[in-house]
Amino acid sequence: MGKTVVEIENLVKRYRELIALDHLNLAVEEGEIFGLLGPNGSGKTTAINCILALLYFDKGSVKVFGQEMQPDSYEIKKQIGVVLQNVAVFEELTVQENIDYFCGLYIQDKGTRKQYVDEAIVFSGLENFRKFYPKKLSGGLLRRLNIACGIAHKPRLIIMDEPTVAVDPQSRNRILEGIQKLNREGATIIYTSHYMEEVEQICSRIAILDKGRCVATGTRDELKAMIRMGEKIHMEVLELQPFQIEEIKELRHVYQVEYQDGMLEIRCSGGKHNLVHILEYFGSRNIGFGRVYSELPTLNDVFLEITGKQLRDSAETHQS
Ligand code: ADP
Ligand code: MG
């Protein structure tokens, strides 16, 4: 294990009577892409603002690079790149001027600064928009500018709060690839999202947040191993009798069966040949079926099993 870059212990943050962070504990190690995954309102942004000492908290401690974080910890803040959830750029400056401004807060040497600004422009694919003002940019390009401003000074720790909300798929992929590239180049990344697919795709370790608490932490595979479910099998079955549903429930490794509108959904605990046993049953009973597919558990299943509710409703997907 490397060095701990961010350490949060028993952090409590209230907004009047609302407890936004409820004894939160987290440790982010050097070199990780650490994902903070949780539904809207679970406390992700509040946690980020506490890490950055942008918010006072009620209890607990936050250490960054081993030191207690204070509002005036400028030496630490210099080494952090922040991409906030709400785009924060200057309307009266062009793309290039914006990046130069933010980079200039940290990098004094003119030559280095020019080089860093150019690299950030290429990195975020804004070469053709250098002279554009923010209001002329699409949502996706604006997000990319927001990111370029946050990372141009080559910080050791980069914190990104939902950088892909409401961006087109092309920009989203570019952003996700960019994060991985920054990480390969040595930056530790904290990435928040309520899109579990993204977190699964890029994060080396994940903390699942619910109501200001960390309900589970681990790698993607560790989180999935925490739950009972091994796989979920879907089958199109036109007709099924109640007693047959009961019989399916009795099959090995099967722990939950739902049948609705001609679709059968079978949850199995980790075991081999689940699908084979189920198909054998259908064969022995001579029950016809259509399409069959099997799904491995997702982080949503982990969230569902731990908290009893969906991470997000499936109708809400990426907007483009
Ligand atoms: P997330 O980023 O995961 O969506 P937030 O940290 O923004 O969650 O919010 C956590 C909880 O705190 C939510 O219930 C939210 O309504 C509340 N909250 C956030 N900011 C404020 C604020 N400035 N004043 C009062 N309540 C707030
Ligand atoms: Mg937020």
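**Exercise 1. Ala-166**

Task: In this predicted model, decide whether Ala-166 is buried, partly exposed or exposed, and state where Ala-166 is placed in the chain.

Solution. Step 1: the relative accessible area of Ala-166 is 42%. Step 2: buried requires under 20% and exposed requires over 50%. Step 3: the value for Ala-166 therefore falls in the partly exposed class. Step 4: Ala-166 sits in the loop that runs between strand S7 (157-161) and helix H6 (169-184). Step 5: the backbone of Ala-166 has a positive phi of about 60 degrees, although the residue is not a glycine. Most residues other than glycine have a negative phi.

**Exercise 2. Asn-10**

Task: Find the element that holds Asn-10, and give the sign of phi at Asn-10.

Solution. Step 1: strand S1, residues 4-15, contains Asn-10. Step 2: phi at Asn-10 is positive, about 45 degrees, and Asn-10 is not a glycine. Step 3: with a relative accessible area of 37%, Asn-10 is partly exposed.

**Exercise 3. Thr-192**

Task: Determine whether Thr-192 is buried or exposed, and identify which backbone nitrogen lies 3.1 Å from a polar atom of the Thr-192 side chain.

Solution. Step 1: Thr-192 belongs to strand S8, residues 188-193. Step 2: the relative accessibility of Thr-192 is 0%, so Thr-192 counts as buried. Step 3: the backbone nitrogen in question is that of Glu-162.

**Exercise 4. The surroundings of ligand 1**

Task: Describe the shell around ligand 1 by element and by residue class, then list the polar side-chain atoms placed by distance from ligand 1.

Solution. Step 1: the residues surrounding ligand 1 include Tyr-15, Leu-18, Pro-39, Asn-40, Lys-44, Thr-45 and Thr-46. Step 2: strand S2 (18-29) and helix H1 (44-51) each contribute at least two residues to this shell. The largest share, three residues, is that of H1. Step 3: by class, the shell has four nonpolar residues, six polar and one charged. Step 4: the distances are as follows.

- Thr-46: an N or O atom of the side chain is 2.5 Å from an oxygen atom of ligand 1.
- Thr-45: a polar side-chain atom lies 2.8 Å from an oxygen atom of ligand 1.
- Tyr-15: a polar side-chain atom lies 3.5 Å from a nitrogen atom of ligand 1.

Step 5: ligand 1 on its own has 560 Å² of accessible area, and the protein covers 58% of that area.

**Exercise 5. Aromatic pairs**

Task: State how many aromatic pairs the structure holds, and classify the pairs Tyr-101 with Phe-102 and Tyr-281 with Phe-282.

Solution. Step 1: the count of aromatic pairs is six. Step 2: for Tyr-101 and Phe-102, the ring centres are 5.2 Å apart and the planes stand at 85 degrees, an edge-to-face pair. Step 3: Tyr-281 and Phe-282 have ring centres 5.9 Å apart and planes at 85 degrees, so this pair is edge-to-face. Step 4: Tyr-281 and Phe-282 are both buried, whereas Tyr-101 is partly exposed, with a relative accessible area of 37%. Step 5: ring pairs join Tyr-101 and Phe-102 with Phe-90 in a cluster.

**Exercise 6. Domains**

Task: Give the bounds of domain 1 and domain 2, and state how far apart their C-alpha centres lie.

Solution. Step 1: the domain assignment places domain 1 at 4-225 and domain 2 at 228-296. Step 2: the C-alpha centres of domain 1 and domain 2 are 43 Å apart.

Key:
Residues numbered from 1 in each chain as written. Chains lettered and ligands numbered in written order. Predicted model: local features only at pLDDT ≥ 70, side-chain atom pairs only at ≥ 80, totals over all residues. Heavy atoms only, no water. Near = heavy atom within 4 Å. Polar contact = N/O pair within 3.5 Å; in protein donor to acceptor, adjacent residues only side chain to side chain. Areas by Shrake-Rupley, 256 points an atom, 1.4 Å probe, with all protein chains shown as cover. Helix = DSSP H or I, 4+ residues; strand = E, 2+ residues; numbered from the N terminus. Nonpolar A, V, L, I, M, F, W, Y, C, P; charged D, E, K, R; others polar. Domains from an automatic or database assignment. Phe/Tyr/Trp six-rings, centres within 6.5 Å; stacked < 30°, edge-to-face > 60°. Buried < 20%, exposed > 50% of the residue type's maximum accessible area, 1.4 Å probe, protein only.
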